[in-house]
Amino acid sequence: MAKFKLDDGTEYLAEDFIDGYLINPLLLRGSTPTEPFVLRTDHVMSVHCLIGGGLRCWGVFDTLDDALTCAKTGPSWRNRSYAERQIHAKASMIR
C-alpha cells in the first residue's frame, strides 16, 4: 500500500492510483473516497462510488481498463431513461 493524494487534498492508502482513480483503497470508517474507485480481486474489478452517504456499485468488470472506463464515464445505467432501464432489467431477468 502507498499513500496517494487526491485533487481535493485528501489522502488515502491504496494499492495503486491510475488515471486519477484509487485501486483497492483502504476503506476506514469515515474516510471513504467521494470519487469513484476500483476494488480488484483475483479475477474481477468492481467500480464503487459514495452517493448520498451510501456506497454504490457501478459495475463489475473482467478487465481493469473496462473498470477505469466506468469510473471515468459513470455507470451505463445512469445515462439511460427510466424506460430503457426497465427494458434492460427485464431482459437480464430472462437470461
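## Exercises on a predicted chain

Leaving aside its neighbours within four places in sequence, Ser46 touches six residues by name: Phe37, Val38, Leu39, Cys57, Gly59 and Val60. The model in which these contacts occur is predicted.

### Exercise 1. The setting of Ser46

Determine in which strand Ser46 lies, whether Ser46 is buried or exposed, and which side chain makes a polar contact with the side chain of Ser46.

Solution.

Step 1. Locate the residue. Ser46 belongs to strand 5, which covers residues 45–51.

Step 2. Consider the accessibility. The relative accessible area of Ser46 is 13%. A residue counts as buried under 20%, so Ser46 is buried.

Step 3. Look for a polar partner. The side chain of His48 makes a polar contact with that of Ser46, at 2.8 Å.

### Exercise 2. The chain as a whole

State how many helices and strands the chain has, the pattern in which they follow one another, and what share of the residues is buried.

Solution.

Step 1. Count the elements. The chain contains two helices and six strands.

Step 2. Read along the sequence. The pattern is β-β-β-β-β-β-α-α.

Step 3. Turn to burial and contacts. Of the 95 residues, 28% are buried. Among contacts with a separation of 6 or more, 14% join residues 24 or more positions apart.

Step 4. Consider the surface. About 6500 Å² of the chain is exposed, and carbon and sulfur atoms supply 52% of that area.

### Exercise 3. The two sides of helix 1

Identify which residues of helix 1 are buried, explain why they can be said to share a side, and find what covers them.

Solution.

Step 1. List the buried residues. In helix 1, residues 64–73, these are Leu64, Ala67, Leu68, Cys70 and Ala71.

Step 2. Examine their directions. Because they cover an arc of only 155 degrees around the axis, they lie on the same side of helix 1.

Step 3. Turn to the other face. The exposed residues Asp65 and Thr73 are carried by the face turned away from the buried side of helix 1.

Step 4. Find the cover. Over the buried residues of helix 1 lie elements including strand 2, strand 3 (21–25), strand 4 (37–40), strand 5 and strand 6 (54–61).

Step 5. Note what comes after the helix. Gly74 follows helix 1 and has a positive phi, near 90 degrees.

### Exercise 4. The salt bridges

Establish how many salt bridges the structure holds, and describe each pair.

Solution.

Step 1. Give the total. The structure holds three salt bridges.

Step 2. Take Glu11 and Lys3. Their side chains meet in a salt bridge with an N to O distance of 3.6 Å. Glu11 is partly exposed at 44% relative accessibility, whereas Lys3, at 58%, is exposed.

Step 3. Take Arg40 and Glu15. The closest N and O atoms of this salt bridge are 2.5 Å apart. The pair links distant parts of the chain, with Arg40 in strand 4 and Glu15 in strand 2, 25 residues apart. Arg40 is partly exposed, with a relative accessible area of 28%, and Glu15 is partly exposed at 42%.

Step 4. Take Lys72 and Asp19. Here the closest N and O atoms of the salt bridge are 3.2 Å apart. Lys72 in helix 1 and Asp19 in the loop between strand 2 and strand 3 are 53 residues apart, and the pair thus links distant parts of the chain. Lys72 is partly exposed at 47%; Asp19, at 53%, lies over the 50% limit and is therefore exposed.

### Exercise 5. Positive phi outside glycine

For Asp19 and Asn24, give the phi angle, and decide for Asn24 whether the residue is buried or exposed.

Solution.

Step 1. Give the angles. Asp19 is not a glycine, yet its phi is positive, about 50 degrees. Asn24, likewise not a glycine, has a positive phi of about 50 degrees.

Step 2. Place the residues. Asp19 is in the loop between strand 2 and strand 3, and Asn24 is in strand 3.

Step 3. Compare accessibility. Asp19 is exposed, with a relative accessible area of 53%, whereas Asn24 is buried, with 15%.

### Exercise 6. A nonpolar patch

Name the residues that make a nonpolar surface patch of about 390 Å², and describe Leu13 within it.

Solution.

Step 1. Name the members. Met1, Leu13, Leu26 and Leu28 make this patch.

Step 2. Place Leu13. This residue lies in strand 2, residues 11–18.

Step 3. Assess Leu13. With a relative accessible area of 36%, Leu13 is partly exposed.

Key
Residues numbered from 1 in each chain as written. Predicted model: local features only at pLDDT ≥ 70, side-chain atom pairs only at ≥ 80, totals over all residues. Heavy atoms only, no water. Helix = DSSP H or I, 4+ residues; strand = E, 2+ residues; numbered from the N terminus. Buried < 20%, exposed > 50% of the residue type's maximum accessible area, 1.4 Å probe, protein only. Polar contact = N/O pair within 3.5 Å; in protein donor to acceptor, adjacent residues only side chain to side chain. Contact = heavy atoms within 4.5 Å. Areas by Shrake-Rupley, 256 points an atom, 1.4 Å probe, with all protein chains shown as cover. Patch = residues over 30% accessible without salt bridge, like charges linked within 9 Å, V, L, I, M, F, W, Y side chains within 5 Å. Salt bridge = Lys/Arg side-chain N within 4 Å of Asp/Glu carboxyl O. Arc of directions from axis to C-beta.
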